[in-house]
Amino acid sequence: MDAEGPPTLCDLCLAQVCQSLSSLCSMRADGSMSLIWAPVFPQETADQLLNHMAAKEILNDTTVGIFRSCKELRLRRASIQSCPLSAEAFRLALCPHRLLELDASWVSGGLTGADIVSGLASNPECRSSLQRLSLNGLRLDWESLEANGGIHVGFSSLRGLRMLNLANTDLNDAALEDICNLPHLETLDISCSAISKLTALLECKNTLRSLIAHRQRHLDMSPAQLLFLFSQLHALKHLDFSEDHFSVDDSDGRDGDETVRQLLEGSPQVLPSLVSLDISGRKRISEAAIRSFVESRSGLVFLGLLATGVSSCDFFSTQKSLKVTGEADENQVCEALRRYRDRECFIREALVHLYSLTTDTDKPQPDVLKLVVSGMQRHPTSLHIHLVATACVFNLTTQDLAQAMPISLLSSTVTQLLNTMKNFPNHQQVQKNCLLALCSDYILQEVPFDKYLAAMLVINWLSSHEDPTLQRMAVAVISILVAKQLLAIVQQKAMVGVVDSTLKFALSALWNLTDEMPVAARNFIECRGLELYEEVLESYYTEPSIQQKVLGLLNNIAEVEELQADLMEEDILEHILSLLQDSQVDVGVRYFAGGILAHLASRPDAWTLENELRSTVLKQLHDSIMTWTHLEREMVSYRSFHPFCPLLQTCQPAGVQLWAVWAIHLVCTQNTSHYSSMLEKEGLTELLKALAAHPSTHSDIKGLSDSVLSMVEQHQIHAGAFNNQTAPQRS
């Protein structure tokens, strides 16, 4: 059973409501939806419906209209994260509710922080009820609100606020002063903002328990001023003063680094009650200072040290209750992936170290894989993250590791890999990493995902790139993706004896997919294709176009030495032999039947059936081939003559040699220029010369070999004459 379990009944019901919104709703004059009828939802269920719609990316100005019905759908904890909403839609649908929490991080559609605050403040109940507000990634844009006739209502009007997230906003010093007048403010996130002074925090020094000030690039305070400030924040238990180390050179962030150094080395009377400290990305930190700081604060349970160079301190091995983010071991790296989900710089750093730690892993780690996928989902446009994350996915799912993972986790992993392929279509290493991870029989056959999308992405990659390694992987992935579907079509048609273009296309596709592609041929066998094809051969005995395609694929399998054992079944070989011998059967069918038998009979050590049957095969090959008439129509084409090399050895039986030479003679006759060049390039002319000159070679084979060599020679003469005619003349 899947370790994550099936979806809950509530989730299934909410999903059904989301899918059926259009039929459950009528449209208002302004284009928004209104439920035609609805019971009074349990309050928690209303929150879940809104969150579900946001997660499914169907929450917008139209659909959010259903929440104008405040009696039936009462919202308390609302998330509209990343949804495209306008200020008007937000005001009408969400502001009338008595909200306790609102997450409006990264909303689009023109909604600003000023719109949200003024809209919430317009509801007297929200002024006192709202406790948690997240505006991460928004423009506050008070100026625009005032320019449009709005009233500047500050954060301090929301008197019930305890948690406020203003990371990645245009927050300034004046707005911070307003915020610090909130009487109950406990948690404040001002990361990546435009703050220059933190002195306003002294106004809430008795309530502020958590300060998150990651990457304060505009801060203009000396280390002494910052340390004094921290010493006055009596209630502070959580401090994040980390820095993005990728975008900071030695001159930037120096005051911040010095502040951290002095904090670590200074008096234990500064922030004595600290429970967690995050200084990841900071420079000039010593192991001795870390040890001293931790020992003087017995209540410390978390320390952020990623990209500081000191996370491998031996001291941490004795601190069993202390969680650390860093790069010393897998626990530290995973802790970083958990805590820094929204910080590209730290996710990127953690993934680099995770890749090294998982290169030779031999144990399934579904929790780690989930963290990697989460990082990819949170940062869909970050090339740096996806480059390393896709390599980590391969490490964590390679060999037999995938089979021990929950199916639902693998499904979401593959879906994310496909998204990555879409987002970075021209980055060769990213595509290679994704193909490596996808190129797994278990994943491609057992895990549910959008196989059509996968096939299209891989085909698009193939059409524009010529890297042989990637081509080989791409073809392997495509062959496995479509083999089952194509075999299902063949089986469906064969059950009713239909002969139509769909059946022929399916058979041709399978034939082409397995051409010089051992992985695809093996997959065909594992999908029980041999049993199906044996039935098709028998039921379509009078259809040469069908039989040629079936036998052509079996030829591809017979060319692969390690797969020949799968064809060593007496019933199917007897049937193929009967096709070879039957003079009433089309020559094209007999040709492919002969090819299968020639390849199998060419290796006496691998022949596992009666020797008498092999002797019969060899005799019938020679006797049958000598009765074949020359074919004018092109029946087969070859990308390479490499599979013929073992058959042309002078030690091979005459029947094996004759089939190979007859095949080469056939295609050379039909396209002399192309195949003559291929024979020369791949060294087969030397094999044919050796065969023709060998005293024990049968005269029939010598005659055909000489004919082929003559065609090659004539081609070279004509090509040389043409080059001489077109070459520039010296004056």
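Two strands pair if DSSP finds at least two bridges between them. Strands (E, at least two residues) and helices (H or I, at least four) are DSSP runs, numbered from the N terminus.

Welcome to a few exercises on this predicted model, in which local features need pLDDT of at least 70, side-chain atom pairs count only at pLDDT 80 or more, and totals for chains, interfaces and linings use all residues. Residues are numbered from 1 along each chain as its sequence is written, and side-chain values use heavy atoms, with hydrogens and water left out.

**Exercise 1. The sheet**

Work out how strand 6 and strand 7 pair, then place them in their sheet.

Solution.
- Step 1: Take residues 163-165 for strand 6 and 187-189 for strand 7; three bridges join them in the parallel sense.
- Step 2: Look at Leu164, whose bridge partner in strand 7 is Leu188.
- Step 3: Zoom out to an open sheet of 10 strands with parallel pairing, ordered 3-4-5-6-7-8-9-10-11-12.
- Step 4: Find the edges, strand 3 (77-79) and strand 12 (323-325), each of which pairs on one side only.
- Step 5: Add the twist, which averages 5° from one strand to the next (axes are lines fitted to C-alpha atoms, for helices over the stretch in contact, and angles run from 0 to 180 degrees between N-to-C directions).

**Exercise 2. Positive phi**

Locate Glu57 and Ser82, and find the phi of each.

Solution.
- Step 1: Glu57 lies in the loop between helix 3 (43-55) and strand 3. Its phi is positive, about 60°, although Glu57 is not a glycine.
- Step 2: Ser82 sits in the loop between strand 3 and helix 4 (87-93). Here phi is about 65°, again positive in a residue that is not a glycine.
- Step 3: Check accessibility (buried means under 20% relative accessible area, exposed over 50%, partly exposed in between, with a 1.4 Å probe and protein chains only). Glu57 is exposed at 72%, while Ser82 is partly exposed at 46%.

**Exercise 3. A residue in helix 20**

Is Gln492 buried or exposed?

Solution.
- Step 1: Place Gln492 in helix 20, residues 468-496.
- Step 2: Read its relative accessible area, 54%, so Gln492 is exposed.
- Step 3: Gauge the separation from Leu503, which is 11 residues away in sequence and 9.1 Å away in space, C-alpha to C-alpha.

**Exercise 4. The whole protein**

Describe the protein as a whole, starting from its helices and strands.

Solution.
- Step 1: Count 31 helices and 12 strands.
- Step 2: Box the C-alpha atoms along the principal axes, giving roughly 105 × 70 × 65 Å.
- Step 3: Finish with burial: 51% of the 731 residues are buried.
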